[in-house]
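The following dialogue asks on what grounds certain descriptive terms are applied to a protein model. Each reply sets a value against its criterion and then concludes.

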Amino acid sequence: MNLKDLTDRYVAVWSEPDADRRRAAIRELWADDAVHVLQAPLELREAAAGLGFDRLVLEARGHDELESRVTRAYQEFVAPGTFVFQAAGAAERLREVVKFRWEMVPRAGGDPAGAGLEFLVLGPDGRIVGDYQFIEG
């Protein structure tokens with residue numbers, strides 16, 4: 001498996017403007033019952049703590065929920081023409097786990113406005129079964 005190809009396809013799906021191509025890419029990348037788990041941004045974790053919750057984890061499971069999650073991120077960050085997502089640095093693989101970083105950069109250029117660390121757990125067919133995302137900035 002080519003890690004650069006995997007991470008490029010993964011990052012590209014978050015910036016895909018065509019809903020049908022985005023849906024197809026999600027089904028190619030993730031297994032049917034895959035899970036995407038997001039460590040909530042600090043401000044949400046702090047708000048949850050203020051309500052008495054000691055942790056806040058956001059989760060999307062299965063293609064429909066994944067499509068909703070990816071589409072929402074696209075609509076908020078990419079569709080207005082403000083940002084694009086890109087891989088940052090080289091990916092690493094240890095058995096079935098792939099680790100890489102990504103950035104959300106202004107479409108017009110400049111410093112990243114956001115960044116994250118991704119851990120993908122691959123199934124026997126090479127599709128993602130577990131997707132763990134940490135927002136780093």
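The questions below concern a predicted model and move from the whole chain to single residues.

Q: How many helices and strands does the protein chain have, and what pattern do they follow along the sequence?
A: The protein chain has 4 helices and 6 strands. Read along the sequence, these elements follow the pattern α-α-β-α-β-α-β-β-β-β.

Q: How do you know whether the radius of gyration of the protein chain agrees or disagrees with that of a compact globule?
A: For 137 residues, a compact globule would have a radius of gyration near 14 Å; the protein chain has 15 Å, and therefore the value agrees. Taken along the principal axes, the box filled by the C-alpha atoms is roughly 45 × 35 × 30 Å.

Q: What share of the residues is buried, and what supplies the exposed area?
A: Buried residues, those under 20% relative accessible area, make up 37% of the 137 residues in the protein chain. The protein chain exposes about 7,800 Å², and carbon and sulfur atoms supply 53% of that area.

Q: How far apart are the mean positions of the positive and negative charges of the protein chain?
A: The protein chain carries 17 positive and 24 negative charges, and their mean positions are 2 Å apart.

Q: Which residues of the largest nonpolar core touch the most other members?
A: This core holds 26 residues, of which Tyr10, Trp14, Trp30, Val98, Phe100 and Leu120 touch the most other members. The elements that give two or more residues to this core are α1 (3-13), α2 (19-29), β1 (30-39), α4 (62-78), β3 (83-94), β4 (97-106) and β5 (114-122). The contacts of Val98 beyond four places in sequence include Leu3, Leu6, Ala91, Phe119, Leu120 and Leu122.

Q: Why is Thr7 called buried or exposed?
A: Buried means under 20% relative accessible area. Thr7 has 5% relative accessibility and therefore counts as buried. Thr7 lies in helix α1, and its contacts, leaving aside neighbours within four places in sequence, are Ala91 and Phe100.

Q: Why is Gln133 called buried or exposed, and what does this residue contact?
A: Gln133 has 5% relative accessibility, so this residue counts as buried. Gln133 lies in strand β6 (residues 128-135). Leaving aside neighbours within four places in sequence, Gln133 is in contact with Tyr10, Trp14, His36, Val37, Leu38, Gln39, Arg69, Trp102, Leu117 and Glu118.

Q: Why is Gly130 called buried or exposed, and how far is Gly130 from Val35 in sequence and in space?
A: At 3% relative accessibility, Gly130 counts as buried because the limit is under 20%. Gly130 also lies in strand β6. Gly130 and Val35 are 95 residues apart in sequence, while their C-alpha atoms are 5.1 Å apart in space. Beyond four places in sequence, Gly130 touches Val35, Phe119, Leu120 and Val121.

Q: What share of the contacts in the protein chain joins residues at least 24 apart in sequence?
A: Among contacts between residues at least 6 apart in sequence, 50% join residues at least 24 apart.

Q: Why is Arg95 called exposed or buried, and where does Arg95 lie?
A: Exposed means over 50% relative accessible area. Arg95 has 71% relative accessibility and therefore counts as exposed. Arg95 lies in the loop between β3 and β4.

Q: What is notable about phi of Arg95?
A: Phi of Arg95 is near 55°, a positive value in a residue other than glycine.

Definitions and conventions: Residues numbered from 1 in each chain as written. Predicted model: local features only at pLDDT ≥ 70, side-chain atom pairs only at ≥ 80, totals over all residues. Heavy atoms only, no water. Buried < 20%, exposed > 50% of the residue type's maximum accessible area, 1.4 Å probe, protein only. Contact = heavy atoms within 4.5 Å. Rg over C-alpha atoms; globule rule 2.2 N^0.38 Å. Areas by Shrake-Rupley, 256 points an atom, 1.4 Å probe, with all protein chains shown as cover. Lys, Arg positive; Asp, Glu negative; His and termini not counted. Charge placed at Lys NZ, Arg CZ, Asp CG, Glu CD. Core = buried A, V, L, I, M, F, W, Y, C linked by side-chain atoms within 4.5 Å.
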